[in-house]
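Visitor: Hi, I'm new to this one. Can you walk me through some charged pairs?
Guide: Sure, here is the structure.

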Amino acid sequence: MQNRIPKMVYADAKGNIFDHPELCMAGMSGTVSVLPEDVELIPLPEDSRLFTMPAMPPVAWDAKKKMFVTVDEMRNGRTSHRIQAVAAFMAPGYVRTLLPACVYPANKAHLPLWSYTAVGWDEERDCFVVAATKVDANTNWNPVNYDDRTLDPLVRKMLQEMPDNRLLEQLSRCAVDYHCFAAKNLFYRRWEAPLPTSPVCNSACLGCISLQPSECCPSNHDRIAFVPTPEELCEIAIPHLEQAEQAIVSYGQGCEGDPILQAGTIAEATRRMKAATPRGTVNFNSNGSLPDRIQQLCDAGMDSFRFSLNSVREDLYNRYYRPKGYTFADVLRSVRCAKENNRFTMINYLVSPGVSDAPDEVETLLRFVADTGVDMIQMRNLSIDPDYYNREMGVVGKGIGMYRLLQLLKKEFPRLQFGYYNRTRENFFPDGFEKGWPVSG
Ligand code: SF4
Ligand code: SF4
C-alpha cells in the first residue's frame with residue numbers, strides 16, 4: 001500500500017520543470033491512471049533524461065478529494081499559464097512499471113520513438129523518482145565508459161588497418177555520428193560489438209527504429225544499405241573475438257533490417273569465426289521468423305539467440321510486427337529450435353505497462369516460458385508513443401503490475417533469468433542458474 005506519495009512534476013511552456021506543492025504523482029497502466037506503490041518507486045537512475053509531453057496536461061492524484069484530476073494550468077499571482085506533463089527516459093538496465101499519467105489527445109502527432117516513464121518528485125528523498133525496477137547489474141553500458149575524446153584516434157587507426165572494409169566504414173559512422181555504444185565497443189576492442197548485415201526485413205513493426213513510413217514518427221537511424229561479405233564480417237569480428245575483454249559479436253543489434261534474411265552469409269561468417277578462434281561469444285538477435293534458418297545458424301556454431309517479441313499473444317504480435325510471409329507459430333518454432341540445439345536462448349521482451357502485465361498476457365507468458373524453456377527474458381522498454389501503442393493493441397483497462405509479473409515469473413520459474421543485455425558464454429549460467437532446466441509438455 002502507498003505510504004508516501006511523491007509530488008506530481010510538470011513543465012511550463014518553455015520546458016522548465018517544477019514539482020507541484022500539493023498534488024501527487026500518478027502513473028498509467030494501460031489506459032488507467034493509478035497510484036504508484038512504494039515498492040515500484042526508485043530514484044531516477046543516473047544518466048536518465050526528462051522529457052516534456054508537448055501539449056499534454058498531466059494527471060495527478062488529489063489526496064484531499066481522493067481522486068485523479070487533470071491539471072491544465074497553474075496560477076502565478078493573477079495570471080495562469082498552461083502546463084504540460086513530464087516523462088522520464090531512463091538509462092538502460094531498468095524496466096518501467098508505469099507510463100506517464102497525462103491526457104493523450106486522440107489527434108496529436110505520434111511522439112518520437114523513446115520509452116516514456118512515470119516520474120515524480122520525492123520531497124523526503126529530495127530527488128526525482130520513477131516507477132521502475134532494475135533488471136540488469138551490468139555497468140559496461142554506462143555513458144561514463146564512452147568518452148569520444150579517446151574514441152576518435154581508435155576509429156582512425158582501425159580504418160587505416162582495414163581501408164577496403166565497407167562494414168567498418170559503416171560502423172565508424174555508427175560510432176561517431178550516431179553515438180552507438182555497441183559500435184564504439186568495436187573500436188575500443190571490448191565487450192559487445194555489432195555486426196549489422198541486413199538492409200531488409202520481413203516485419204513492419206509499428207516502432208521500428210530503422211524504418212518508419214513517412215506518416216509516422218521519424219526513425220532514429222538509417223538502415224545499413226548493403227549486405228557485407230563473410231570476409232568483411234570476419235575481418236572485423238575475429239580480432240574482436242580473439243582480443244576483446246568479455247568479447248561478444250552480435251548480429252542484429254538495432255538499426256538494420258532483420259539478419260535472419262541474410263542467414264546464408266551469417267552462417268558462413270560464423271563458421272569461419274568459430275574455426276579461427278575458440279574465444280568469445282557469437283550472438284544472433286532476430287525476429288525469429290524463419291525456423292529453418294535458425295537450424296542453419298545453430299549448425300554454423302552460433303552460441304546464443306535473442307528473439308524479439310512485443311507480446312506472446314498472436315493477435316498483439318501481429319498488430320505490432322505486421323509479419324510478411326511468416327506467422328507467429330514460426331517464431332515459436334525458432335525459439336524451440338534454438339533450445340533444442342542447446343543454445344542459450346533469450347527473449348527480447350518489448351514491454352509496456354498495461355499490455356505486458358495484462359492478465360491474458362501474463363497467463364500466456366507463463367505457458368510460453370513453460371513450453372519453450374527460454375533461459376532468459378530481457379525486459380526492454382518498448383520505445384513508442386504509449387497512447388498510440390495502447391490504441392493499436394486495443395488496450396482497455398490496466399495490468400496486474402509489472403513488478404508483480406516479475407515476481408510471478410520468478411516464483412513459477414526460479415531458473416529463468418531476467419536481464420537487459422546479452423551475455424558472454426561464461427556468464428550464461430551464473431551461480432544458482434542451471435543449464436537445461438526441465439521444460440513441461
Ligand atoms: S545498432 Fe545501429 S548504430 Fe549501432 S552499429 Fe548497429 S546499425 Fe550501427
Ligand atoms: S523486426 Fe526489427 S528491423 Fe524488422 S521491422 Fe521490426 S524492429 Fe524493424
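Visitor: Which residue forms a salt bridge with Arg166?
Guide: Glu232 does. This is a predicted model. In it, the closest N and O atoms of the pair are 2.8 Å apart. The two sit in distant parts of the chain, 66 residues apart. Arg166 is in helix H2 and Glu232 is in helix H4.

Visitor: Is Glu232 buried or exposed?
Guide: Glu232 is buried, because its relative accessible area is 8% and the cut-off is under 20%. Arg166 is partly exposed, at 36%.

Visitor: OK, how many salt bridges does the structure hold?
Guide: It holds 20.

Visitor: What does Lys184 pair with?
Guide: Asp148, in a salt bridge with the closest N and O atoms 2.7 Å apart. That pair links helix H3, home of Lys184, to helix H1, home of Asp148. They are 36 residues apart. Lys184 counts as buried at 2% relative accessibility. Asp148 is partly exposed at 25%.

Visitor: Switching to strands. Where is Lys7, and where is its partner Glu123?
Guide: Lys7 is in strand E1. Glu123 is in the loop between strands E14 and E15. They are 116 residues apart in the chain. Their side chains still meet in a salt bridge, 3.5 Å from N to O.

Visitor: And how accessible is Lys7?
Guide: Lys7 has 13% relative accessibility, so it counts as buried. Glu123 has 48%, so Glu123 counts as partly exposed.

Visitor: Last one. Which residues are linked in a network of salt bridges?
Guide: Glu231, Glu268, Arg271 and Arg272 are linked that way.

Notes:
Residues numbered from 1 in each chain as written. Chains lettered and ligands numbered in written order. Predicted model: local features only at pLDDT ≥ 70, side-chain atom pairs only at ≥ 80, totals over all residues. Heavy atoms only, no water. Salt bridge = Lys/Arg side-chain N within 4 Å of Asp/Glu carboxyl O. Helix = DSSP H or I, 4+ residues; strand = E, 2+ residues; numbered from the N terminus. Buried < 20%, exposed > 50% of the residue type's maximum accessible area, 1.4 Å probe, protein only.
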